Amino acid sequence: MSRAVLSAGSNVGDPMAYLRSVVEGFADELIAVSAVYSTPPWGGVEQDDFRNITLVVEGPHDARHWLERGFELERAAERTRDIRWGPRTLDVDVITVTDAGGVVVADDPDLTLPHPRAAQRAFVLVPWLEIEPAATLWTPAGVRAVAGLVAGLDATERDAVRAVGRLTGADS
């Protein structure tokens, strides 16, 4: 049994439909899903703002399973990887995984856990804090409270991550 925090984003085509596909794709293991957030692009590539969500899932799977499920959803959305940090139909990242042994720490070409840049990304941390106010993230400097990580972000970046709706009911 493992518990994973996933981050999903989209800024091409119908972002709300792509994010809904992630929620539906993990429905059997879904513990919580954040509101949809509008977030400026990260990484310096000129493009439209993203729509992002964070999910918490739990099931009888290992970390690689969560990664492969995310890849399956990206392929279904016809995701291409032409430009690093560029526009995309769908991006599903595994942020952190815990299992019976505790936090899974992995460093291989396909899966680095916890996600190496999660502690710096408002579009991951702000939605995560919404659904797990007591969440913590393992970092090379030690375990840190997500609330503290959010508080330590640049205010301009943090404040640019805005809730714009939910995937249930009327989409915004």
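A surface patch is here a group of residues with over 30% relative accessible area and no salt bridge, in which nonpolar side chains are joined within 5 Å. In this predicted model, one such nonpolar patch is formed by Val103, Val105, Trp138 and Val143. Together, these four residues have about 340 Å² of accessible area.

Within the patch, Val105 is placed in the loop that links strand 6 (102–103) to strand 7 (106–107). The relative accessible area of Val105 is 51%, so Val105 is classed as exposed, the cut-off for that class being over 50%.

Thr96, a residue of strand 5 (residues 91–99), has a relative accessibility of 7% and is therefore counted as buried, since that class covers values under 20%. Apart from its neighbours within four places in sequence, Thr96 contacts Arg3, Ala4 and Val5, as well as Val103, Leu113, Pro114, Trp128 and Leu137. One of these contacts, Val103, is also a member of the nonpolar surface patch.

Another contact of Thr96, Pro114, belongs to the lining of the second largest pocket. This pocket holds about 200 Å³ of space and has 14 lining residues. Those that lie nearest its centre are Pro114, His115, Pro116, Thr139 and Pro140. At least two lining residues come from each of strand 8 (112–113) and strand 9 (136–139). Strand 9 makes the greatest contribution to the lining of the second largest pocket, with three residues.

Methods
Residues are numbered from 1 along each chain as its sequence is written. This is a predicted model: local features need pLDDT of at least 70, side-chain atom pairs count only at pLDDT 80 or more; totals for chains, interfaces and linings use all residues. Side-chain values use heavy atoms; hydrogens and water are left out. Patches are made of residues with over 30% relative accessible area and no salt bridge: like charges are joined within 9 Å, nonpolar side chains (Val, Leu, Ile, Met, Phe, Trp, Tyr) within 5 Å. Accessible areas come from the Shrake-Rupley method with a 1.4 Å probe; for residues, only the protein chains shown count as cover. A salt bridge is a side-chain nitrogen of Lys or Arg within 4 Å of a carboxyl oxygen of Asp or Glu. Helices (H or I, at least four residues) and strands (E, at least two) are DSSP runs, numbered from the N terminus. Buried means under 20% relative accessible area, exposed over 50%, partly exposed in between (1.4 Å probe, protein chains only). Contact means heavy atoms within 4.5 Å. On a 1 Å grid over the protein atoms alone, a cavity is a set of points where a 1.4 Å probe fits but cannot get out, and a pocket is an open set with protein on both sides within 12 Å along at least five of seven lines; lining residues have an atom within 4 Å of a point. Grid points are joined across faces, edges and corners, and a volume is the space filled by probe spheres set on the points.
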